[in-house]
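User: I am new to this structure and would like a close look at one part of it, the largest cavity and what surrounds it. Could you walk me through it?

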Amino acid sequence: MRVIFIFFLFLFYYYSYTEGQQYYPIDPTGKCEPYIGDSALTPCSKYLKNPNSIYVSSTANQSTAMSSLNLYFSLLGGTSASCQNAYTFATLCSTYLPECEVFIDNSTNKEIAMPKRVCLDTCSTVSKNCEISSYFDCNQLEPISKLPLFPKDSTDYNLTTYGGEFNYTLECYDPPKSNETTIIGYCPFPLVFRNRTIIGKGNSLDDSESYGYTYVSEDSYCTIPCPAPIFSEKQWDNIFDTSDAISLVSLLCSIYLFITYMVINRKRNKYDYFFSFFVLSIILMSVAGSIGFSVGGTRKLICPEINRRGMYKDPAVAAAGWIFQFAIINAILWFSINSFELWFQIKFIKRKLNLLKFYIPAVLVISIALSVPLSAIGQYNAGLGNFVVWIESGKYQNWFFWGPLGIVLTVGTTFIGLVIWEIYKIVSSSNKNDFFKLQLKPLLNMLLIYLTFIYLFGYNFYIHNSLNGFYGSSEEFKNCIISTDGKDCRIQGPPYSSILMFVFCLRIYGVYCIALYGFSPKTRSIWSNSIIFNNSMANKLKTLYNSSGTTKGATSSTDIKMSTNYNSNMDSGGGKSSSMEPDDIIIR
């Protein structure tokens with residue numbers, strides 16, 4: 001009787017154990033095959049435990065797995081630093097490309113393939129590190145078997161049908177814990193990986209952003225490339241090359257004009273000083289635009305590294321930013337002074353203003369006050385999506401540039417309008433068309449400069465009003481790099497043509513001035529009366545040339561006299577009754 005009781009008790013426990021045991025089903029289509037290789041987004045070859053044996057079946061092939069992995073690896077660029085390590089990569093790869101375990105049926109020599117699933121604790125650790133616990137459920141079940149996708153310790157199989165054990169146990173996979181400290185240098189293109197240092201007791205990341213690195217999130221290792229992918233590389237090269245070329249040409253033109261009107265000009269009047277100081281401002285602006293040549297061009301100045309923008313800590317960047325701000329403030333102030341002086345001389349022909357000695361210190365003080373403090377607080381930095389080193393903060397831009405520029409534009413608009421009105425009254429009342437022609441050049445100079453300032457002012461408001469739209473495109477950019485190789489993915493920004501126009505307006509002033517004044521009669525007169533063409537060597541050459549002309553009978557006289565009426569003062573910015581042109585060139 002006791003024996004029967006024990007027998008039934010054994011049957012009860014056996015039945016309870018076998019019925020309560022959860023066996024994972026064997027998929028007859030399952031098999032082992034080598035890893036098909038990495039894609040542009042998925043680098044699993046280094047993180048699979050056995051890449052020569054990957055489990056696949058009719059419902060889970062490697063192509064489908066790679067599509068899912070491409071998606072997840074693309075998202076890793078925006079995850080926290082604690083997520084971007086070998087432990088995460090190995091877990092992710094082994095989840096979708098599980099190692100294949102083989103059991104051989106001795107009666108038929110048939111291979112029975114089974115996947116080695118990732119452990120539940122492993123999944124939970126990775127989802128916590130990557131901060132995706134609310135999006136990814138590690139307790140989810142497999143769709144067919146309704147058993148855990150991530151087993152706690154192992155998966156059990158009943159292989160009695162294949163001549164094996166009824167409780168064949170396969171341990172789950174947990175990558176080596178040492179991999180958690182192995183940082184992976186991976187980011188989806190065009191993002192660029194940069195290892196960040198963990199500092200302090202709070203395990204906070206370093207301040208590498210203050211050195212010009214822009215990360216996609218506060219604790220990510222992936223940085224945005226420089227220049228930002230607003231345009232193609234070819235378009236960016238065109239923008240930088242255009243800036244370099246115009247800056248250099250403008251520099252050479254403005255140096256030539258400054259030498260002409262300030263250095264070799266023997267009879268300088270106050271309008272020549274006004275013009276020369278404005279040209280000096282253009283020289284400095286052009287120097288700021290040409291500083292990039294010292295480091296290999298504007299691209300290298302704006303982007304010293306592929307993922308770093310130039311900052312005030314870079315000497316060339318700090319110099320370019322301060323010189324540009326100081327110079328452009330100078331330029332707009334002298335523009336305002338010129339517009340006022342032009343109006344005053346037309347309105348009050350017989351009255352004189354001698355304010356130059358007040359203008360010079362006032363312009364210097366204002367220019368220094370609006371440029372030096374920005375250097376002290378490190379505001380001169382390059383932008384990821386710009387071609388110029390300038391003020392970083394929009395708040396400081398408004399205080400130190402756009403506000404003053406708005407005042408100057410208001411003053412300039414007023415006086416240019418008054419100039420046009422005075423000219424109209426004079427011409428309509430006396431029919432003095434010659435007067436209008438004499439004032440055309442300084443007026444045209446004022447208008448051209450005025451229009452470029454207007455464009456800069458308007459462009460700034462356009463950019464600020466469009467920022468929400470630009471930032472809103474980041475989601476489209478992220479979706480693009482997830483679904484493609486990233487080469488054609490763009491962040492929405494200002495139109496390419498508007499940036500080129502911005503380059504033109506910032507760098508063109510020297511070309512403007514030389515087009516109007518570089519070859520004018522007064523300019524030619526200054527050079528012809530300068531020491532360069534009036535020295536012993538030049539006189540000998542002129543005598544020799546004149547003697548040769550007399551011998552050939554080419555001229556009836558060798559007495560050539562050039563006289564210039566320097567009462568016409570306004571070719572360099574305004575005058576009593578004329579432009580800067582000489583009134584007469586007498587040849588006799």
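User: Which element gives the most to the lining of the largest cavity?

Analyst: Happy to help! This is a predicted model, where local features need pLDDT of at least 70, side-chain atom pairs count only at pLDDT 80 or more, and totals for chains, interfaces and linings use all residues. Residues are numbered from 1 along each chain as its sequence is written, and side-chain values use heavy atoms, with hydrogens and water left out.

The element you ask about is α7, with three lining residues. Helices here are DSSP runs of H or I with at least four residues, strands are runs of E with at least two, and both are numbered from the N terminus.

A cavity is a set of points, on a 1 Å grid over the protein atoms alone, where a 1.4 Å probe fits but cannot get out; lining residues have an atom within 4 Å of a point. Grid points are joined across faces, edges and corners, and a volume is the space filled by probe spheres set on the points. Counted this way, there are four cavities of 30 Å³ or more, and the largest holds about 70 Å³.

Around that space sit A288, G289, T298, L301, I302, A320, F324, F387, V388, V389 and R507. Two or more of the lining residues come from each of α6 (270–290), α7 (298–302) and α8 (315–347). By class, the lining has eight nonpolar, two polar and one charged residues. In this scheme Ala, Val, Leu, Ile, Met, Phe, Trp, Tyr, Cys and Pro are nonpolar, Asp, Glu, Lys and Arg are charged, and the others, Gly among them, are polar.

F387 deserves a second look. Besides lining the cavity, F387 is, with W334 and F453, one of the residues that touch the most other members of the largest nonpolar core, which has 82 residues. Such a core is a set of buried Ala, Val, Leu, Ile, Met, Phe, Trp, Tyr and Cys residues joined through side-chain atoms within 4.5 Å, where buried means under 20% relative accessible area, exposed over 50% and partly exposed in between (1.4 Å probe, protein chains only). The helix α8 gives this core its largest share, 14 residues.

Setting aside neighbours within four places in sequence, F387 is in contact (heavy atoms within 4.5 Å) with I239, F240, S243, T298, I302, I499, F502, V503, L506 and R507. Among these partners, T298, I302 and R507 also appear in the cavity lining.

Key. On a 1 Å grid over the protein atoms alone, a cavity is a set of points where a 1.4 Å probe fits but cannot get out, and a pocket is an open set with protein on both sides within 12 Å along at least five of seven lines; lining residues have an atom within 4 Å of a point.
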